[in-house]
Amino acid sequence: MQIAIEKLPVLLGALPTTFYILFVSVAVALVLGAALTMLKLSRHTVPRVAATVYISFMRGTPMVAQVLIAFIGIPILMRTWFGMAPTG
C-alpha cells in the first residue's frame, strides 16, 4: 500500500495523457464505425463487400492475433515488399 501511495503523483501526472489517448481513440472509432456502416449499407457491390470483409476479419479473429499481425506481420511485409527496415 505504501508503494501505491508513493507512486500516486506519478500516476496522476499521466492522467491527462491517458484521457487524451482515450478521447482520440474513441473519436477515430466513431468515424471509422460510421464510415464502415455507410459502406456496408451501400447499394454498390465493391464498397459493401470491402466493408463486409473488413468487419468479418476484425470480429472473427482474436485480438492477440491482430496485435501479432500488426507488430510482426506488417514489418515483415514492409521489409519484403518495399525493402524498408522498420525503425524504433
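A surface patch here is made of residues with over 30% relative accessible area and no salt bridge, and nonpolar side chains are joined within 5 Å. The exercises below use a predicted model.

**Exercise 1. The nonpolar patch**

Find which residues make the nonpolar surface patch, and state which helix gives the most to it.

Solution.
Step 1. The patch consists of Leu8, Leu11, Leu12, Leu15, Phe19, Leu22, Phe23, Val26 and Leu30. Its area is about 870 Å².
Step 2. Two helices, α1 (2–13) and α2 (15–40), each supply at least two of these residues.
Step 3. The largest contribution, six residues, is from α2.
Step 4. Take one member, leucine 11, which sits in helix α1. Exposed means over 50% relative accessible area. Leucine 11 has 56%, so this residue is exposed.

**Exercise 2. How α2 and α3 are arranged**

Classify the crossing of α2 and α3 by angle and by hand.

Solution.
Step 1. Helix α3 covers residues 45–60, and its axis comes within 7 Å of that of α2.
Step 2. The two axes cross at roughly 130 degrees.
Step 3. Angles over 145 degrees count as roughly antiparallel and 65 to 115 as roughly perpendicular. The angle fits neither class, and α2 and α3 are therefore oblique to each other.
Step 4. The hand of the crossing is left-handed.

**Exercise 3. Two residues of α3**

Decide whether threonine 52 and arginine 59 are buried, partly exposed or exposed, and give a C-alpha distance for each.

Solution.
Step 1. Helix α3 holds threonine 52 and also arginine 59.
Step 2. Buried means under 20% relative accessible area and exposed over 50%, with partly exposed in between.
Step 3. Threonine 52 has a relative accessible area of 27%, so threonine 52 is partly exposed. Arginine 59 has 74%, so arginine 59 is exposed.
Step 4. From threonine 52 to lysine 40 there are 12 residues in sequence and 6.4 Å in space, C-alpha to C-alpha.
Step 5. Arginine 59 and proline 47 are also 12 residues apart along the chain, with 18 Å between their C-alpha atoms.

**Exercise 4. A residue of α4**

Place isoleucine 76 in a helix, classify its accessibility, and give its C-alpha distance to valine 28.

Solution.
Step 1. Isoleucine 76 belongs to helix α4, residues 63–82.
Step 2. Its relative accessibility is 40%, so isoleucine 76 counts as partly exposed.
Step 3. Valine 28 is 48 residues away from isoleucine 76 in sequence, and the C-alpha atoms of the pair are 26 Å apart.

Conventions: Residues are numbered from 1 along each chain as its sequence is written. This is a predicted model: local features need pLDDT of at least 70, side-chain atom pairs count only at pLDDT 80 or more; totals for chains, interfaces and linings use all residues. Side-chain values use heavy atoms; hydrogens and water are left out. Patches are made of residues with over 30% relative accessible area and no salt bridge: like charges are joined within 9 Å, nonpolar side chains (Val, Leu, Ile, Met, Phe, Trp, Tyr) within 5 Å. Accessible areas come from the Shrake-Rupley method with a 1.4 Å probe; for residues, only the protein chains shown count as cover. A salt bridge is a side-chain nitrogen of Lys or Arg within 4 Å of a carboxyl oxygen of Asp or Glu. Helices (H or I, at least four residues) and strands (E, at least two) are DSSP runs, numbered from the N terminus. Buried means under 20% relative accessible area, exposed over 50%, partly exposed in between (1.4 Å probe, protein chains only). Axes are lines fitted to C-alpha atoms, for helices over the stretch in contact, and angles run from 0 to 180 degrees between N-to-C directions. Angles under 35 degrees count as roughly parallel, over 145 as roughly antiparallel, 65 to 115 as roughly perpendicular and the rest as oblique. A crossing is left-handed if the near helix is turned anticlockwise from the far one by less than a right angle, and right-handed if clockwise.
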